[in-house]
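I opened the model to look up two things. The first entry is on the protein surface at a DNA strand, and the second is on how the protein copies are related.

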There are 2 protein chains.
Amino acid sequence: MDQTARIIQALERAGYQPTPNRRLVARLVAATGGHFTAAELLERGRRERVKIGRATIFRALDLLTSLRVVERLDLPTGAHAYVVCDPDEHHHHLVCSGCGRSEDVADGELAELVAEIAGRSGYRIEAHRLELFGICPSCAGGASGALS
Amino acid sequence: MDQTARIIQALERAGYQPTPNRRLVARLVAATGGHFTAAELLERGRRERVKIGRATIFRALDLLTSLRVVERLDLPTGAHAYVVCDPDEHHHHLVCSGCGRSEDVADGELAELVAEIAGRSGYRIEAHRLELFGICPSCAGGASGALS
DNA sequence: TTTACTGCAAACATTTTGCAGATGT
DNA sequence: ACATCTGCAAAATGTTTGCAGTAAA
């Protein structure tokens with residue numbers, strides 16, 4: 001099953017209608033290998049389909065965010081962007097500053113580190129977010145991506 | 001030396017004038033144990049001094065951000081806030097959702113984890129940001145903060 | 001006297017909302 | 001029929017900018 005279908009299914013499972021607009025947003029979101037802003041999505045949407053309103057994009061994105069199918073993240077520039085992601089496990093994002101591609105990174109050992117910080121500080125830590133920014137292999141190494 | 005003085009000194013060292021407005025911002029920023037938004041700062045500033053413009057607040061905050069005396073962070077709600085911090089070492093922030101207090105957390109073992117992620121993914125990681133949100137001991141435990 | 005700083009208001013960018021109409025169930 | 005969804009335009013936010021005046025070097 002491809003990602004577009006997964007997103008649409010998530011909508012249906014949550015009791016939302018898989019309307020043409022929402023399908024479009026799902027498709028656009030899935031077509032992105034990386035992050036995108038609401039404005040970009042609107043522009044791409046309008047290229048495919050004449051009628052889709054800004055508000056609809058934002059509403060669909062809110063919906064998908066609440067279903068954890070996409071996540072909102074903050075670029076180093078301060079701009080807000082979204083990335084598609086796996087709703088089932090806690091993870092973080094590694095974003096390429098070159099091409100915008102984004103990969104999920106498992107929480108892994110971070111959980112231990114967070115627990116340790118909790119112990120040391122006395123805080124009850126309820127949420128944590130790790131954002132990683134860098135250059136992906138293919139942006140770094142021309143075509144091959146092999147590091148010399 | 002107190003924090004207000006440290007901030008003013010950082011401005012002077014970088015060649016900026018320690019004007020009354022900037023001193024005010026330094027004082028307001030230092031008076032905050034935690035995070036604050038630009039709007040809050042403006043309001044507090046106006047309570048002390050009738051004349052200070054929104055733009056001046058933003059400009060001062062940008063300045064302090066570029067000097068790494070404050071850092072801009074993104075609350076889970078998506079709102080932008082600022083926290084005072086130590087310009088000399090790489091660290092992260094632990095923010096109390098109750099009172100807004102914020103503490104610096106040393107990068108510590110995170111560096112290793114980041115290096116490992118870099119190795120595994122092939123990305124050249126240029127920046128990373130860890131944001132922790134939780135409840136501080138005094139918000140959690142009533143007055144004493146002792147966990148039972 | 002030359003440059004840095006400031007307030008103001010306007011410009012801008014981004015996101016949200018109210019609402020009447022369209023669409024899906 | 002009924003609830004959900006949609007586009008639009010207006011409103012609410014949040015931030016930046018142009019500029020003329022003020023203060024500092």
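I listed what surrounds DNA strand D and got 19 residues, the closest being A:Thr19, A:Arg22, A:Lys51, A:Ile52 and A:Thr56; a residue is near if one of its heavy atoms lies within 4 Å. Sugar and phosphate make up 76% of the strand D atoms that come within 4 Å of the protein.

This is a predicted model, in which local features need pLDDT of at least 70 and side-chain atom pairs pLDDT 80 or more, while totals for chains, interfaces and linings use all residues. Residues are numbered from 1 along each chain as written, chains are lettered from A and ligands numbered from 1 in written order, and side-chain values use heavy atoms, without hydrogens and water.

I then looked up polar contacts (N or O pairs within 3.5 Å). A phosphate oxygen of strand D is 2.5 Å from a side-chain N or O atom of A:Thr19. Polar backbone atoms also appear: one of A:Gln17 is 2.9 Å from a phosphate oxygen, and one of A:Ile52 is 3.4 Å from a phosphate oxygen.

Which elements give two or more residues to this surface? They are H2 (20–31) and H4 (54–66) of chain A, and H4 (54–66) of chain B; helices are DSSP runs (H or I) of at least four residues. H4(B) gives the most, four residues.

Next, the copies. I superposed chain B on chain A by least squares on C-alpha atoms with pLDDT of at least 70 in both. A rotation of 180° with 0.0 Å of shift along its axis does it, RMSD 0.0 Å. That is why I noted a two-fold axis. In chain B, the C-alpha of B:Leu130 is nearest the axis, at 2.2 Å.

Note on methods. A polar contact is a pair of N or O atoms within 3.5 Å; within protein, one must be able to donate a hydrogen and the other to accept it, and residues adjacent in sequence count only if both atoms are side-chain atoms.
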